Amino acid sequence: MRILSRFGMWLRYLLGRVLTLIEAFLIIRIGLKFFGANASALVVRVLYEITENIVSPFSSIFPNIYLGSHLLDVIAISAAVGYMIIYLIALAILRAIFRE
């Protein structure tokens with residue numbers, strides 16, 4: 001039983017780290033889009049390519065909003081919220097399975 005409990009703790013730790021990485025990429029994307037970063041710059045282009053796969057499931061929920069000359073990436077914001085909800089559901093399932 002102790003081995004299962006440690007495995008559950010390891011899974012929760014791993015999920016938390018993956019979520020942290022996803023959220024960090026999304027926050028950087030939101031900032032770059034808002035401040036109008038040059039999409040042809042290598043670092044920006046690579047980050048956009050990575051995060052495009054992360055935000056694509058949420059692309060048809062809300063449109064992006066322009067605030068003057070700034071783009072508010074509502075799609076990335078909804079993806080960040082959506083992945084947080086998915087994480088919390090997965091965490092609840094893991095807690096129920098490994099009974100702590």
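Tutor: Let's begin with some vocabulary: a residue is buried when its relative accessible area is under 20%, exposed when it is over 50%, and partly exposed in between. Keep in mind that the model we're looking at is predicted.

Student: Okay, let me try that out. Why does glycine 31 count as partly exposed?

Tutor: Its relative accessibility is 24%. That value falls between the 20% and 50% cut-offs, so partly exposed is the right label. You'll find glycine 31 in helix α1. Its C-alpha atom is 15 Å from that of valine 46, and the two residues are 15 positions apart along the chain.

Student: Is arginine 29 buried or exposed, and how do you know?

Tutor: Take its relative accessible area, which is 5%. Buried means under 20%, so arginine 29 is buried. Arginine 29 also lies in helix α1.

Student: What is arginine 29 in contact with, leaving aside its neighbours within four places in sequence?

Tutor: Its partners are Leu47, Tyr48, Thr51, Glu52, Val55, Asp73 and Ala76. A contact here needs heavy atoms within 4.5 Å.

Student: What makes leucine 26 count as buried?

Tutor: Its relative accessibility is 0%. Since the cut-off for buried is under 20%, leucine 26 gets that label. Leucine 26 is another residue of helix α1. Apart from neighbours within four places in sequence, it is in contact with Ile54, Val55, Ala76, Ala79, Ala80 and Tyr83. Now look over at glycine 68: leucine 26 and glycine 68 are 42 residues apart in sequence and 22 Å apart in space, C-alpha to C-alpha.

Student: Let's go to helix α3. Why does serine 78 count as buried?

Tutor: Serine 78, which lies in helix α3 (residues 74-98), has a relative accessibility of 13%. Buried means under 20%, so 13% qualifies. Once you leave out neighbours within four places in sequence, its contacts are Phe58 and Phe62. As for arginine 95, it is 17 residues from serine 78 in sequence and 26 Å away in space, going from C-alpha to C-alpha.

Student: And methionine 84? Why is that one called partly exposed?

Tutor: Its relative accessible area is 34%. Partly exposed covers the range between 20% and 50%, so methionine 84 belongs there. Methionine 84 has its place in helix α3 too. Leaving aside neighbours within four places in sequence, it is in contact with Leu19 and Glu23. Its C-alpha atom is separated by 29 Å from that of glycine 68, and those residues are 16 apart along the chain.

Student: Time to zoom out. How many helices and strands does the protein chain have, and in which order do the elements run?

Tutor: The protein chain has 3 helices and 2 strands. Starting at the N terminus, the order is α-α-β-β-α.

Student: How do you know whether the chain is a compact globule or more spread out?

Tutor: Set its radius of gyration against the globule rule. The radius is 17 Å, while the rule gives 13 Å for 100 residues; 17 Å is well over that, so the chain is more spread out than a compact globule. Its C-alpha atoms fill a box of roughly 55 × 25 × 15 Å along the principal axes.

Student: How much of the chain is buried?

Tutor: Buried residues make up 30% of the 100 residues. The accessible surface of the chain comes to about 6,800 Å², and 72% of that belongs to carbon and sulfur atoms.

Student: How far apart are the mean positions of the positive and negative charges?

Tutor: They are 13 Å apart, with 9 positive and 5 negative charges in the protein chain.

Student: Last one. What is the predictor's confidence in all this?

Tutor: The mean pLDDT of the chain is 92, and 96% of its residues reach 70 or more. Among the elements, helix α1 (residues 2-34) has the lowest mean, 92, and helix α2 (residues 42-55) has the highest, 96.

Definitions and conventions
Residues numbered from 1 in each chain as written. Predicted model: local features only at pLDDT ≥ 70, side-chain atom pairs only at ≥ 80, totals over all residues. Heavy atoms only, no water. Helix = DSSP H or I, 4+ residues; strand = E, 2+ residues; numbered from the N terminus. Rg over C-alpha atoms; globule rule 2.2 N^0.38 Å. Buried < 20%, exposed > 50% of the residue type's maximum accessible area, 1.4 Å probe, protein only. Areas by Shrake-Rupley, 256 points an atom, 1.4 Å probe, with all protein chains shown as cover. Lys, Arg positive; Asp, Glu negative; His and termini not counted. Charge placed at Lys NZ, Arg CZ, Asp CG, Glu CD. pLDDT = per-residue confidence, 0-100.
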